[in-house]
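Q: Could you walk me through reading a structure, feature by feature? I would like the general idea and then the case in hand.

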Amino acid sequence: MAYLLAKGAWACSATEAEWRKHGFGGSRLGYLLAGVGLFHEAHRAADDCRALIEILASELPGTNKPALAALLERARRKTMCAWAEQSPFDEGRN
């Protein structure tokens with residue numbers, strides 16, 4: 001399964017979306033919900049998933065497009081990841 005994911009474009013809505021750039025207070029679910037004028041009971045998996053769907057369907061301020069479109073656009077950019085194995089920089093990685 002991981003191999004199939006590595007072949008396609010993917011993005012993390014928490015770490016790769018440019019939420020602050022679009023006026024949100026941060027990338028935590030509560031900030032995102034507040035930014036689109038919503039609230040929910042946190043920490044229930046199904047509710048959190050529904051909340052994220054609402055957020056990704058919401059139009060980003062000043063863009064005239066939904067957050068999901070911006071996230072997918074970012075996911076399609078070429079990226080590269082490098083690890084500094086056996087070095088002091090590698091200490092925090094699992």
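Q: Which residues of H4 are buried?
A: A residue is called buried under 20% relative accessible area, exposed over 50% and partly exposed in between, with a 1.4 Å probe and protein chains only. In H4, that label goes to Ala67, Ala70, Leu71 and Ala75. Helices here are DSSP runs (H or I, at least four residues; strands are E, at least two), numbered from the N terminus.

Q: Where do these buried residues sit around the axis of H4?
A: An α-helix has 3.6 residues a turn, so residues three or four places apart point the same way. In H4, Ala67, Ala70, Leu71 and Ala75 are buried, and they cover an arc of only 140° around the axis, which puts them on the same side of H4. The arc is taken over the directions from the helix axis to the C-beta atoms. The buried residues of H4 pack against H3, where contact means heavy atoms within 4.5 Å.

Q: Before we go on, what kind of model is this?
A: It is a predicted model, in which local features need pLDDT of at least 70 and side-chain atom pairs count only at pLDDT 80 or more, while totals for chains, interfaces and linings use all residues. Residues are numbered from 1 along each chain as its sequence is written, and side-chain values use heavy atoms, leaving out hydrogens and water.

Q: Which elements have the lowest and the highest mean pLDDT?
A: Think of pLDDT as the predictor's confidence in each residue, from 0 to 100. Where pLDDT is low, the predicted coordinates should not be read in detail. The chain averages 82, and 84% of the residues score at least 70. Among its elements, H1 has the lowest mean, 54, and H3 the highest, 92.

Q: What makes up the largest nonpolar core?
A: Such a core is a set of buried Ala, Val, Leu, Ile, Met, Phe, Trp, Tyr and Cys residues joined through side-chain atoms within 4.5 Å. The largest one has 12 residues in all, including Trp19, Phe24, Leu32, Ile55 and Leu71. H2, helix H3 (45-57) and H4 are the elements that give two or more residues to this core.

Q: How many aromatic pairs are there?
A: A pair of aromatic rings is described by the distance of the centres and the angle of the planes. Rings of Phe, Tyr and Trp (its six-membered ring) pair if their centres lie within 6.5 Å; planes under 30 degrees apart are stacked, over 60 edge-to-face and the rest tilted. The count comes to 1 aromatic pair. The ring centres of Trp19 and Phe24 are 5.2 Å apart with planes at 80°, so this pair is edge-to-face. Both Trp19 and Phe24 are buried.

Q: Which salt bridges join into a network?
A: Side chains of opposite charge can pair when their charged atoms come close. A salt bridge puts a side-chain nitrogen of Lys or Arg within 4 Å of a carboxyl oxygen of Asp or Glu, and the count comes to 4. Glu18 bridges to Lys21 at 3.5 Å, N to O, and to Arg74 at 3.1 Å. Arg74 lies in helix H4 (residues 67-75) and Glu18 in the loop between helix H1 (2-7) and helix H2 (29-35), so the pair ties together parts that are 56 residues apart in sequence. Lys65 and Glu73 form another salt bridge, at 3.0 Å. Through shared partners, Glu18, Lys21 and Arg74 form one network.
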